[in-house]
Amino acid sequence: YYTDNSNNSFIEDGKLIIKAIRQYYSGSDYTSARMVTRNKGDWTYGRIEVRAKLPAGTGTWPAIWLLPTDWVYGGWPDSGEIDIMEAVGHQPGVIHATAHSDHYNWFDGIPPPGGQITVNDNNTQFHDYVLVWTGNSLKWYVDDTHYYTYSNNNQGWSYWPFDQDFHLLLNIAIGGTWGGQQGIDDSIFPVQMEVDYVRV
């Protein structure tokens with residue numbers, strides 16, 4: 001359950017802390033926070049750089065991602081989703097980059113394009129999770145290492161809905177279809193994502 005409670009998201013020593021807690025709340029066994037910049041920070045193209053230290057443990061699913069602000073081409077996944085960073089606790093150290101669209105998504109049997117890189121100390125050290133987004137391509141980096149590109153081949157919105165405003169989301173999910181594939185280790189809580197800065 002994503003709350004706006006001050007124990008799930010707060011500023012400490014100049015950093016944003018998003019904390020997932022094992023507690024029964026409004027029908028759920030865990031609470032967390034999801035920060036959303038919609039109508040406060042919305043961009044078409046640019047470099048988005050988030051310096052963060054990630055949580056660890058089976059069942060965690062932290063994400064730094066973008067969703068369309070106005071859903072011009074229709075509901076998810078038609079208007080797109082850009083995952084700048086996703087990590088699941090049952091794959092320690094692995095960072096995922098993904099681009100979802102009408103043509104490429106989990107519904108229709110054509111998996112979304114994406115890449116991955118291993119960052120073994122992502123839960124003990126801060127790293128820069130970076131997306132460089134132009135009209136021609138999406139490029140993902142961790143620190144200065146470029147590890148994936150998705151190119152616009154001018155096949156239309158079904159392949160490239162990334163020509164509209166998107167907004168940023170920062171959250172820790174617990175469990176779920178991917179994060180919970182190997183269950184949830186209740187001994188790890190509380191867990192947190194620390195965000196040093198977001199620069200666009």
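The following exercises, each with a worked solution, concern side-chain contacts and backbone features of a predicted model.

Residues are numbered from 1 along each chain as its sequence is written, and side-chain values use heavy atoms, with hydrogens and water left out. In this predicted model, local features need pLDDT of at least 70 and side-chain atom pairs count only at pLDDT 80 or more, while totals for chains, interfaces and linings use all residues.

**Exercise 1. Aromatic pairs**

Determine how the rings of tyrosine 104 and tyrosine 159 are arranged, and which parts of the chain the pair ties together.

Step 1. Rings of Phe, Tyr and Trp (its six-membered ring) pair if their centres lie within 6.5 Å; planes under 30 degrees apart count as stacked, over 60 as edge-to-face and the rest as tilted. The structure holds 14 aromatic pairs.

Step 2. Between tyrosine 104 and tyrosine 159 the ring centres are 5.8 Å apart and the planes stand at 80°, so this pair is edge-to-face.

Step 3. Helices (H or I, at least four residues) and strands (E, at least two) are DSSP runs, numbered from the N terminus. Tyrosine 104 belongs to the loop between strand 9 (94-100) and strand 10 (114-118), and tyrosine 159 to the loop between strand 13 (145-151) and strand 14 (166-174); the pair therefore ties together parts 55 residues apart in sequence.

Step 4. Tyrosine 104 is partly exposed, at a relative accessible area of 21%. The classes are buried under 20% relative accessible area, exposed over 50%, and partly exposed in between (1.4 Å probe, protein chains only).

Step 5. A further edge-to-face pair joins tyrosine 150 and phenylalanine 162, with centres 6.4 Å apart and planes at 90°. Tyrosine 150 is in strand 13 and phenylalanine 162 in the loop between strand 13 and strand 14, 12 residues apart. Both tyrosine 150 and phenylalanine 162 are buried.

Step 6. Ring pairs link these four residues into a cluster that also contains Tyr45, Trp133, Trp160 and Phe166.

**Exercise 2. Salt bridges**

Establish where the partners of the salt bridges of aspartate 186, aspartate 128 and lysine 53 lie.

Step 1. Side chains of opposite charge can pair when their charged atoms come close. A salt bridge is a side-chain nitrogen of Lys or Arg within 4 Å of a carboxyl oxygen of Asp or Glu. The whole structure contains 5 salt bridges.

Step 2. In the salt bridge of aspartate 186 with arginine 22, the closest N and O atoms are 3.4 Å apart. Aspartate 186 is in the loop between helix 1 (176-179) and strand 15 (191-199), and arginine 22 is in strand 2 (residues 15-25), so parts 164 residues apart in sequence are tied together. Aspartate 186 is partly exposed at 28% relative accessibility, whereas arginine 22 is exposed at 52%.

Step 3. Aspartate 128 and arginine 51 form a salt bridge whose closest N and O atoms are 3.1 Å apart. Strand 11 (residues 127-133) holds aspartate 128 and strand 6 (residues 46-53) holds arginine 51, so the pair ties together parts 77 residues apart in sequence. Aspartate 128 is buried at 14% relative accessibility; arginine 51 is partly exposed at 24%.

Step 4. Lysine 53 meets glutamate 194 in a salt bridge of 3.5 Å, N to O. Lysine 53 is in strand 6 and glutamate 194 in strand 15, 141 residues apart. Both residues are buried.

Step 5. Shared partners join Arg51, Asp128 and Asp196 into one salt-bridge network.

**Exercise 3. The surroundings of histidine 90**

Locate histidine 90 and list the residues that it touches.

Step 1. Histidine 90 is in the loop between strand 8 (81-86) and strand 9, and is buried with a relative accessible area of 13%.

Step 2. Contact means heavy atoms within 4.5 Å. Not counting residues up to four places away in sequence, histidine 90 touches Thr58, Trp178, Gly179, Gln181 and Gln182.

Step 3. A polar atom of the histidine 90 side chain lies 2.9 Å from the backbone oxygen of tryptophan 178.

**Exercise 4. Backbone features**

Identify the residues joined by cis peptide bonds, and place each proline in the chain.

Step 1. Tryptophan 76 and proline 77 are joined by a cis peptide bond with omega of about 5°. Proline 77 lies in the loop between strand 7 (60-68) and strand 8.

Step 2. Phenylalanine 189 and proline 190 are likewise joined by a cis peptide bond, with omega of about -5°. Proline 190 is in the loop between helix 1 and strand 15.

Methods: A polar contact is a pair of N or O atoms within 3.5 Å; within protein, one must be able to donate a hydrogen and the other to accept it, and residues adjacent in sequence count only if both atoms are side-chain atoms.
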